Amino acid sequence: MYDALTGRYTFACPHREEAHVTLSAFRRLERLPGAAHPAVYGVRFDCGCGDEHPGLVSHQELDWAPLGAGAGSFLNLMTSRHDDAGAELTSTAAARLQGGEWPWSFYCYPEGRARPVFPSSFVAVAPGSRSFGLAVRCPACAALSVNLVSQAHLDLPFWNDAAVGVVDHVFADDALDAVESFRAELHSARFDERRLHLN
Ligand SMILES: [Zn+2]
Ligand SMILES: [Zn+2]
């Protein structure tokens with residue numbers, strides 16, 4: 001479940017019953033075979049309890065819930081009436097999409113260009129000292145690219161870093177299977193700075 005007002009997903013935690021985490025707490029994302037409609041993603045996330053847990057999230061929740069779909073109603077203190085936050089947020093998001101803004105983006109290394117993307121194309125996230133390593137499967141060319149991004153770039157829809165670090169090679173499909181090997185890759189990699197404009 002996603003709460004659009006706090007920007008957090010709710011998963012089960014074996015120690016605290018519930019965990020509320022943002023996208024940047026995800027470590028691995030993988031579309032599960034079968035269940036094509038709706039697609040379901042298996043994730044692993046860093047929990048506030050200190051452990052990493054598995055969770056399940058639907059395609060709709062992953063890509064569209066952060067834009068406000070299904071936020072539910074809230075008490076509007078100006079009018080003392082219950083208003084539909086989902087409708088409000090979604091019309092704002094729709095206007096921004098129509099204006100050419102994109103909620104998430106990344107720099108595709110083999111194509112040499114910025115691309116719009118949704119969280120369902122994220123493959124792995126690794127926290128660093130000042131930024132996050134983000135591995136993305138390009139929706140256009142299917143290659144795996146790794147960017148260095150801010151936490152806001154991950155967690156806030158329509159927040160796109162002006163420039164990101166880009167690892168200067170293409171990753172093999174199995175390079176990121178373990179979180180540790182992804183971190184090791186990030187540690188040894190060279191980054192080029194690339195601007196993230198989508199035109
Ligand atoms: Zn936990
Ligand atoms: Zn690409």
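Visitor: How are the donor residues of the zinc ion (ligand 2) spaced in sequence?

Guide: They follow the pattern C-x2-E-x26-C-x2-C. Please note that this is a predicted model.

Visitor: Which residues are those, and which atoms do they offer?

Guide: The protein donors are Cys 108 through SG, Glu 111 through OE, Cys 138 through SG and Cys 141 through SG. They lie 2.0 to 2.4 Å from the zinc ion (ligand 2).

Visitor: What is the arrangement of the four donor atoms there?

Guide: The arrangement is tetrahedral, because the four donor atoms around the zinc ion (ligand 2) subtend angles of 101 to 120 degrees. For four donors to count as tetrahedral, all angles must lie between 85 and 135 degrees.

Visitor: And what would the ideal angle be for four tetrahedral donors?

Guide: The ideal value for four tetrahedral donors is 109.5 degrees.

Visitor: Is Cys 138 buried or exposed?

Guide: Cys 138 counts as buried, because its relative accessibility is 3%. Cys 141, another donor of this zinc ion, has a relative accessible area of 32% and is therefore partly exposed.

Visitor: Let us turn to the other zinc ion, ligand 1. Which residues coordinate it?

Guide: The zinc ion (ligand 1) is held by the SG atoms of Cys 13, Cys 47 and Cys 49 and by NE2 of His 53, at 2.1 to 2.3 Å. Along the chain these donors have the spacing C-x33-C-x1-C-x3-H.

Visitor: Where in the chain are Cys 13 and Cys 47?

Guide: Cys 13 is in strand S2 (residues 8–13), while Cys 47 is in the loop between strand S5 (40–46) and strand S6 (52–58). The two are 34 residues apart, so the pair links distant parts of the chain. Both Cys 13 and Cys 47 are buried.

Visitor: What is the geometry of the site of ligand 1?

Guide: The site of the zinc ion (ligand 1) is tetrahedral, with angles of 101 to 117 degrees among its four donor atoms.

Visitor: A question about strands now. How many bridges join S12 to S13?

Guide: Six bridges join S12 to S13, and the two strands run antiparallel. One of the pairings is between Arg 137 and its partner in S13, Leu 144.

Visitor: What is special about phi in the hairpin of S12 and S13?

Guide: The hairpin has six residues between the strands, and Ala 142 takes a positive phi near 70 degrees there. Most residues other than glycine have a negative phi. Ala 142 is partly exposed, because its relative accessible area is 44%.

Visitor: Where else does a residue that is not a glycine have a positive phi?

Guide: Glu 17 has a positive phi of about 70 degrees. Glu 17 is found in strand S3 (residues 17–21), and its relative accessible area of 67% is why it counts as exposed.

Visitor: Back to S13. How many of its residues are buried?

Guide: Five of the six residues of S13 are buried, so the strand is largely enclosed by the rest of the structure. S13 also pairs with strand S14 (residues 163–167) in the antiparallel sense over two bridges, and Asn 147 has Val 166 as its bridge partner in S14.

Visitor: How many aromatic pairs does a search of the whole structure find?

Guide: The search finds eight aromatic pairs. One involves Trp 104 and Phe 118, whose ring centres are 6.3 Å apart and whose planes stand at 55 degrees, so the pair is tilted. Trp 104 and Phe 118 are both buried.

Visitor: Which residues form an aromatic cluster?

Guide: Tyr 2, Tyr 9, Phe 11, Phe 26 and Phe 45 form one aromatic cluster.

Notes
Residues are numbered from 1 along each chain as its sequence is written. Chains are lettered from A and ligands numbered from 1 in the order in which they are written. This is a predicted model: local features need pLDDT of at least 70, side-chain atom pairs count only at pLDDT 80 or more; totals for chains, interfaces and linings use all residues. Side-chain values use heavy atoms; hydrogens and water are left out. Donors are N, O and S atoms within 2.8 Å of the metal (3.2 Å for Na, K and Ca); water is not among the atoms, so sites may look incomplete. Four donors count as tetrahedral if all angles lie between 85 and 135 degrees; four count as square planar and six as octahedral if opposite donors are over 155 degrees apart and all others between 65 and 115; anything else is irregular. Buried means under 20% relative accessible area, exposed over 50%, partly exposed in between (1.4 Å probe, protein chains only). Rings of Phe, Tyr and Trp (its six-membered ring) pair if their centres lie within 6.5 Å; planes under 30 degrees apart count as stacked, over 60 as edge-to-face and the rest as tilted. Helices (H or I, at least four residues) and strands (E, at least two) are DSSP runs, numbered from the N terminus. Two strands pair if DSSP finds at least two bridges between them.
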